[in-house]
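Thanks for making the time, everyone. I would like to walk you through one structure this morning, going from the overall layout to a few particular contacts.

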Amino acid sequence: MDSRLHTAVRYGDEESVLSALNAGLDPNQLGLLKWNPIHEAAHNGEREILKLLLRYKGDVDLQDNLHGNTALHYAAKEDNSACVTVLLKSGARTDIRNRDGLTCIDVATSFCKDIIQDFGDVDLQDNLHGNTALHYAAKEDNSACVTVLLKSGARTDIRNRDGLTCIDVATSFCKDIIQDYASPQQGDLRLSGPPPGQGAGSGARTRDRRVPADFRADSQATVLPMPPMHK
């Protein structure tokens with residue numbers, strides 16, 4: 001059945017939504033329509049309500065029981081670009097498929113598709129050195145940017161044109177941050193120099209980091225553009 005949180009979201013009543021959340025109602029609870037308040041807010045284009053729901057521990061990637069859609073499916077399909085952006089900044093995955101095997105990109109309007117495809121590719125490598133944003137942040141000791149990038153899912157195993165990962169170019173402090181945040185799915189992290197056959201020096205070593213990977217970008221996090229720098 002629907003809770004008063006579902007009803008408040010349906011009518012776009014932000015004050016009642018906040019009241020319901022403060023009373024402990026669950027933003028992830030499925031209602032009569034087999035979707036939750038997050039799905040409905042995204043579908044209806046209620047950006048501020050959506051941000052509230054996510055702030056109160058809403059699951060950005062939860063799929064509904066109707067079509068297997070996520071909130072990003074609904075926002076993208078309904079051309080609610082502001083909600084699409086909120087969801088992406090909150091770490092929404094773009095590769096989840098609904099029951100028809102479609103991702104949010106498959107169902108998106110042309111404009112929302114562009115937003116999703118262009119949004120914050122944290123692993124994009126530049127054409128100068130093949131560096132990612134994480135290479136630059138780690139090398140310049142920008143620990144706050146390093147943390148935001150890692151929480152946004154940045155890979156730590158990408159090598160630039162010199163065969164170096166972000167760990168190889170990082171300052172000591174940023175190296176510690178990266179090693180503590182590294183996803184176990186990325187496997188061993190090479191800490192010094194390029195792979196064999198690409199000029200790795202003596203003393204190259206690897207570490208197997210087995211750490212939790214449940215770091216999701218919060219809704220307020222924004223990756224700031226990195227200043228240009230030289231190798």
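Before we begin, one term: when I say that something covers or meets a residue, I am speaking of contact, which means heavy atoms within 4.5 Å. Please also keep in mind that what you see is a predicted model.

Let me start with the overall layout. The protein has twelve helices and two strands, and if you read along the sequence you pass through the helices before arriving at the two strands, the pattern being α-α-α-α-α-α-α-α-α-α-α-α-β-β. Of the 231 residues in the protein, 42% are buried. If we take the contacts between residues at least 6 apart in sequence, 66% of them join residues at least 24 apart.

Now to helix α10, which covers residues 143-151 and whose buried residues are Cys145, Val146, Thr147, Leu149 and Leu150. What lies over them? The cover of these buried residues includes α9, at 133-139, and α12, at 172-181. Just after α10 comes Gly153, which takes a positive phi of about 95 degrees.

Next, a pair of helices, and here I should say that two packed helices are described by the angle between their axes and the distance between the axes. For α2 and helix α4, the latter being residues 47-55, the angle is about 5 degrees and the axes are 10 Å apart. Angles under 35 degrees count as roughly parallel, and therefore α2 is roughly parallel to α4. On the α2 side the residues involved are Glu14, Val17, Leu18 and Leu21, and they meet Glu48, Ile49, Leu52 and Leu53 in α4. Sorted by class, this contact has six nonpolar and two charged residues, with no polar ones. As for the spacing along each helix, an α-helix has 3.6 residues a turn, so residues three or four places apart point the same way.

Let me turn to the aromatic rings. How many aromatic pairs does a search of the whole structure find? It finds one. The pair is formed by Trp35 and Tyr74, and because their ring planes stand at 75 degrees, with the centres 5.1 Å apart, it is classed as edge-to-face. Trp35 sits in the loop between α2 and α3, whereas Tyr74 belongs to helix α5, so the pair ties together parts that are 39 residues apart in sequence. Both partners are buried: Trp35 has a relative accessible area of 10%, and Tyr74 has one of 7%.

Finally, the charged side chains, where the structure holds eight salt bridges, and I will go through three of them. Arg10 bridges to Asp2, with the closest N and O atoms 2.9 Å apart; Arg10 is partly exposed at 31% relative accessibility, while Asp2 is buried at 18%. This bridge belongs to a network of salt bridges that links Asp2, Arg10 and Glu40. Arg47 forms a salt bridge with Glu48, the closest N and O atoms being 3.1 Å apart, and here Arg47 is partly exposed at 41%, as is Glu48 at 32%. Glu48 is also one of the α4 residues in the contact with α2 that I described earlier. In the third case, the side chains of Arg159 and Asp168 meet with an N to O distance of 4.0 Å; Arg159 is partly exposed, with a relative accessible area of 23%, and Asp168 is buried, with 17%.

Terms used: Residues numbered from 1 in each chain as written. Predicted model: local features only at pLDDT ≥ 70, side-chain atom pairs only at ≥ 80, totals over all residues. Heavy atoms only, no water. Buried < 20%, exposed > 50% of the residue type's maximum accessible area, 1.4 Å probe, protein only. Helix = DSSP H or I, 4+ residues; strand = E, 2+ residues; numbered from the N terminus. Phe/Tyr/Trp six-rings, centres within 6.5 Å; stacked < 30°, edge-to-face > 60°. Axes fitted to C-alpha atoms, helices over the stretch in contact; angles between N-to-C directions. Parallel < 35°, antiparallel > 145°, perpendicular 65-115°, else oblique. Nonpolar A, V, L, I, M, F, W, Y, C, P; charged D, E, K, R; others polar.
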